[in-house]
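Me: I have a structure to go through with you. I want the reasoning behind each label, kept short.

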Amino acid sequence: MDGEGVSGQSKKHHKFPGNRCSSGATAMPICASNTAILVARSMRVLPSVDKVRRMSGFTSRVSVVERSESAHWGEGVSLKIAVLKETRPNERRVAMVPAVADKLTKLGADLHMQSGAGEAVKLTDSAFKNVAFSSDVSALVRDADVVLTVQPPELSILDAMKEGAILVSFVYAHKEIELTRRLRDKRITCFAMELVPRISRAQAMDALSSQAALAGYYAALLGATNLARILPMMTTAVGSIRPAKTLVMGLGVAGLQALATARRLGSMTEGYDVRPETKEQAESLGAKFVDTGVDARGAGGYARELTQEEKDRIATVVTKHIQSADIIITTAAIPGRPSPKLISKAQVEGMKAGSVIVDLAAEGGGNCEYTQPGETTQVGQVTIVAPLNVPSLLGEHASELYAKNQYNLLELFIKDKAIALDWNDEIIAKTALTHAGEIKNEAAKKVVESA
Ligand SMILES: NC(=O)c1ccc[n+]([C@@H]2O[C@H](COP(=O)([O-])OP(=O)(O)OC[C@H]3O[C@@H](n4cnc5c(N)ncnc54)[C@H](O)[C@@H]3O)[C@@H](O)[C@H]2O)c1
């Protein structure tokens, strides 16, 4: 076999389509530095590198890769990763931080970023070493092999990406029907960060957890700063102040972090969830567990929707805890469903004067019947805080953790300057939203194809 950078090991296939050459091979530029990669259509038709240079019109480095999902980049030829500046309202995060950029460079990636991508979190372009910056987004993504974002990019970005490229981002396909169709039709391989399976081996890639932990922490701070009293017990010359009481409803990643933070701030804490295993977790954080006797464990470790009978039973137990709390933090979610309502209007009306609800489930409509997503509202003497995209409010650390999560995922399929997608790997298979013109995630496929 002639040609530089030839790889022949893999059986699984990741296609790198581009401009077809007369030999049946496909030539395409892979980075702005006038480098071309040629994907031969079969072992038998691999042309010489000189021929590739002539065919493709590229005069500098060219490497030849057999038609294989393990596409190796040869000496001096690298894999182009592009990181975009976020464009959605109130999104401050960025999918890259300098420490992760260094690690990706060591993996052999040629890293490109949109100018000012990190400015919302005070990360200047000059903080990144060995990264090429450009303000031309189309040019950035046109020849990128991998595009990294936090929020799903605009449709125009997908149109500018080359077929067969990889996008790694949060997507939430049920809210992004058109975008998911475009990913499918453009044959983009999309790894949706919200689909990373909740298994031990994937913990370091689990951006839902890293972002939820930050949100939980911040919810406790929002509760404390919206309260006209302090959280810890304090003994003063004029008497003692009793500690505040914080009730956390929904003890997933965010809820447990909220419990821990409220306790560190000096509050007494109580936790409630419909998954009984959370009792021990809450107690290990020094909180009391509000036991309603309802077990609503659903599939995959998540909760299921409650019956009306269960809701009534819970309300009778939980109401007195709601009424005695100074801060209530709600985080309850059911995958793919609107947020369950845990606090009724009547329960809010029965709360202590000056108390605060922080509704972390606002994105899905909220856990309280009075919640107005994105607003802070006053209902009688009760304040309801319902922020959207809370991790973005802690953009510096949220970006750091998110970039590390993405790096750990990329490490699964970038090896020796090559992309190798192993579809037998549960993490690769379950995180893929689209690949090779198909929607791979069954739930997303159903929603998108029936819309
Ligand atoms: N790698 C891993 O193994 C891993 C990582 C993260 C999370 N997990 C698990 O995944 C599961 C979901 O975690 P999450 O943080 O994404 O949760 P989530 O955001 O889906 O939901 C938050 C919490 O709300 C609770 N909830 C739902 N309906 C409720 C109701 N009506 N009343 C009270 N509470 C209600 C859920 O039980 C959950 O604890 C948990 O079991 C968690 O331990 C596993």
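Reply: One cut-off first: a residue is near the ligand if its C-beta atom, placed from the backbone, lies within 6 Å of it. In this predicted model, 29 residues surround the ligand. The closest are Gly 250, Gly 252, Gly 301, Ala 303 and Ala 332.

Me: Which helices each supply at least two residues of the shell around the ligand?

Reply: Those helices are α6 (207–225) and α7 (253–264). By class, the shell divides into 17 nonpolar, 8 polar and 4 charged residues.

Me: Why is Asn 389 called buried?

Reply: Asn 389 has 21 C-beta neighbours inside 10 Å. The cut-off for buried is 20 or more, so Asn 389 counts as buried. Asn 389 is found in the loop between β20 (382–385) and α11 (390–393).

Me: And why is Asn 130 called partly exposed?

Reply: Asn 130 has 13 other C-beta atoms within 10 Å. Exposed needs 12 or fewer, buried 20 or more. Asn 130 falls in between, so it is partly exposed. Its place is in the loop between β7 (109–114) and β8 (132–134).

Me: What makes the phi of Asn 130 worth a remark?

Reply: Most residues other than glycine have a negative phi. Asn 130 is not a glycine, yet has a positive phi of about 55°. Asn 389 also has a positive phi, near 45°.

Me: How do you know which stretch to read with caution?

Reply: The chain averages a pLDDT of 85, and 83% of the residues score at least 70. Over residues 1–76, however, the pLDDT is below 50. Where pLDDT is low, the predicted coordinates should not be read in detail.

Definitions and conventions. Residues are numbered from 1 along each chain as its sequence is written. This is a predicted model: local features need pLDDT of at least 70, side-chain atom pairs count only at pLDDT 80 or more; totals for chains, interfaces and linings use all residues. pLDDT is the predictor's confidence in each residue, from 0 to 100. Two residues are in contact if their C-beta atoms, placed from the backbone, lie within 7 Å. Helices (H or I, at least four residues) and strands (E, at least two) are DSSP runs, numbered from the N terminus. Ala, Val, Leu, Ile, Met, Phe, Trp, Tyr, Cys and Pro count as nonpolar, Asp, Glu, Lys and Arg as charged, and the others, Gly among them, as polar.
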